[in-house]
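Here is a quick tour of a model, written for someone who would rather be at the bench. Have the sequence and the 3D view open as you read.

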Amino acid sequence: MNLFQTASGCCGCQVDCLPCGHAFTIRKRDSVTGAVIPDAQFSLAPLCGVGAQVGTTDANGLLTFVVSPCSRYLLTETATPAGYTPNATAYTVCGGANGCVTVDGVAVSIFDIFNAPIRTFSITYLANGDTGQFTDSGLTAGTLYTVKSAAETGISYSGFTFVSWNTAPDGSGTTYLPGDVIPITRDLTLYAQWVT
């Protein structure tokens, strides 16, 4: 056996090859729930040659490729389903002898590839003395958010003037001013602070 020969050899994983191709299947799964994920697109490109195969996972999260014996490929995700973070890992796939297919050196018949769901959070503004409230939901983790003014939220308190937001009703927490830019890392509740 001679692993990973150059173009002067078979440029693949093994030299004792069979003449037919081998099928292997990837299964796309949610990294939190384990549920299958349809509509993920992959490319399987030969490392010695041209003609990448492309495909999309079906309703069961499955996609099957055929690899040639004695050949190496690079498997990458080229399109990520909505609601998931991209999987940036590039996997080395080898078609060996006797029907063996390996991914990153591990023999597989079905290879699970996971994507993490995009985490979203909400920012809730409370009138804190009146009954009004406003919520911005579906904010993607890691993005930047501009704190709204009381007018933008529609919150008011008759006879009082708005001065800021605070993470505590009594103003003892973290203060935010309209226009402050903050990273989205968690759900956040902001209480209006008023003066007469």
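## Around Thr25

Leaving out residues up to four places away in sequence, Thr25 touches Leu62, Leu63, Thr64, Ser109, Ile110 and Phe111, where a contact means heavy atoms within 4.5 Å. Before going further, a word on the ground rules: this is a predicted model, in which local features need pLDDT of at least 70 and side-chain atom pairs count only at pLDDT 80 or more, while totals for chains, interfaces and linings use all residues. Residues are numbered from 1 along each chain as its sequence is written, and side-chain values use heavy atoms, with hydrogens and water left out.

Thr25 sits in strand β1, residues 22-30. Strands (E, at least two residues) and helices (H or I, at least four) are DSSP runs, numbered from the N terminus. Is Thr25 buried or exposed? It counts as buried because its relative accessibility is 13%; buried means under 20% relative accessible area, exposed over 50%, and partly exposed in between, using a 1.4 Å probe and protein chains only.

## The sheet it belongs to

β1 is part of an open sheet of 3 strands, in the order β4-β1-β9, with mixed pairing. The edge strands are β4 and β9 (110-115), each of which pairs on one side only. From one strand to the next, the twist averages 30°; axes here are lines fitted to C-alpha atoms (for helices, over the stretch in contact), and angles run from 0 to 180 degrees between N-to-C directions.

β1 and β4 run antiparallel to each other and share 6 bridges; two strands pair if DSSP finds at least two bridges between them. Within this pair, His22 has Val67 of β4 as its bridge partner, and Arg27 stands opposite Leu62 in β4.

β4 itself (residues 62-67) has two faces: Leu63, Phe65 and Val67 are on the covered one, and Leu62, Thr64 and Val66 are on the uncovered one. As a general point, side chains in a regular strand alternate between the two faces of the sheet.

## The whole chain and its cores

Zooming out, the chain has 1 helix and 16 strands. It contains 196 residues, and 37% of them are buried. Of the contacts with a separation of 6 or more, 58% are between residues 24 or more positions apart.

Which residues have the most contacts inside the largest nonpolar core? They are Ile123, Tyr125, Trp165 and Leu190, in a core of 18 residues. Such a core is a set of buried Ala, Val, Leu, Ile, Met, Phe, Trp, Tyr and Cys residues joined through side-chain atoms within 4.5 Å. The elements giving two or more residues to this core are β10 (120-126), β13 (161-166) and β16 (188-195), and β16 gives the most, with 4. Apart from this core lies another, of 17 residues, among them Tyr73, Tyr91, Val101 and Val103.

Leu190 is in contact with Ile123, Tyr125 and Trp165, among others, once neighbours within four places in sequence are set aside.

## Two loop residues with positive phi

Both residues below have a positive phi without being glycine.

| Residue | Loop | Phi | Relative accessible area |
|---|---|---|---|
| Asp39 | between β1 and β2 (41-46) | near 70° | 54%, exposed |
| Asn128 | between β10 and β11 (133-140) | about 55° | 25%, partly exposed |
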